[in-house]
Amino acid sequence: MRVVAYALAVIIMATMGALAVLLPGWGPPDRVGLIALGLVGVFVLHLLARPRLTAAPDRVTVVNSIRTHVLEWAEIVDVRMPLGEPWPTIDLSDGTTLAVMGIQSNDGARATAALAEFQALLRGRGEAPEPRRG
């Protein structure tokens, strides 16, 4: 998705730039408008290409279209992707959930493998130690 989105962004800006330069009889406001329209398209494509999930030894970074969330492994209770859902959901220890748009169910086997890999990492690192009693 990321490669396609950024390739389309380059094509859109090249097309709008060429049109802004080559179209006869257009004034400066029209030419600037074409460039601005191209920039809006590039921005939307950037938002679509931005999502990802990065697992580091000490934290997990979930980048969605607008926001970035940095989580400690112990904050994550579970991750699941029910059949038919577009992306997985992380259950957090505070009772909230967080969508992980970086794994798309449309990717089929690749999404299943990425989810299984993240679940294995979660099982290995995610559980906080039991509090001492007494």
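Start by selecting Phe 118: not counting residues up to four places away in sequence, this residue touches Leu 53, Ala 55, Val 60, Trp 73, Ile 76, Val 79 and Ile 90. Contact here means heavy atoms within 4.5 Å.

Before you click on, some ground rules. You're looking at a predicted model, where local features need pLDDT of at least 70, side-chain atom pairs count only at pLDDT 80 or more, and totals for chains, interfaces and linings use all residues. Residues are numbered from 1 along each chain as its sequence is written, and side-chain values use heavy atoms, leaving out hydrogens and water.

**Stop one: the core**

Keep Phe 118 on screen and add Val 62, Ile 76 and Ile 90. In the largest nonpolar core, which has 15 residues, these four touch the most other members. A nonpolar core is a set of buried Ala, Val, Leu, Ile, Met, Phe, Trp, Tyr and Cys residues joined through side-chain atoms within 4.5 Å. Buried means under 20% relative accessible area, exposed means over 50%, and partly exposed is in between (1.4 Å probe, protein chains only).

Which elements supply at least two residues each? They are β2, β4, β5 and α3 (109-125). Helix α3 gives the largest share, four residues. Helices (H or I, at least four residues) and strands (E, at least two) are DSSP runs, numbered from the N terminus.

**Stop two: the sheet**

Now show β1, β2 and β3, an open sheet in that order with antiparallel pairing. On the edges sit β1 (52-55) and β3 (68-72), each pairing on one side only. Two strands pair if DSSP finds at least two bridges between them. β1 and β2 (residues 59-63) run antiparallel and are joined by four bridges. To see one partnership, select Leu 53, whose bridge partner in β2 is Val 62.

**Stop three: the salt bridges**

How many salt bridges are there? The count is two, where a salt bridge is a side-chain nitrogen of Lys or Arg within 4 Å of a carboxyl oxygen of Asp or Glu.

Pick Arg 59 and Asp 58 for one of them: their closest N and O atoms are 3.1 Å apart. Arg 59 is partly exposed at 36% relative accessible area, and Asp 58 is partly exposed at 43%.

Then jump to Arg 80 and Asp 91, another salt bridge, with the closest N and O atoms 3.1 Å apart. Arg 80 is in strand β4 (residues 76-80) and Asp 91 is in strand β5 (residues 89-92), so this pair ties together parts eleven residues apart in sequence. Is each end buried or partly exposed? Arg 80 is partly exposed at 36% relative accessibility, while Asp 91 is buried at 16%.
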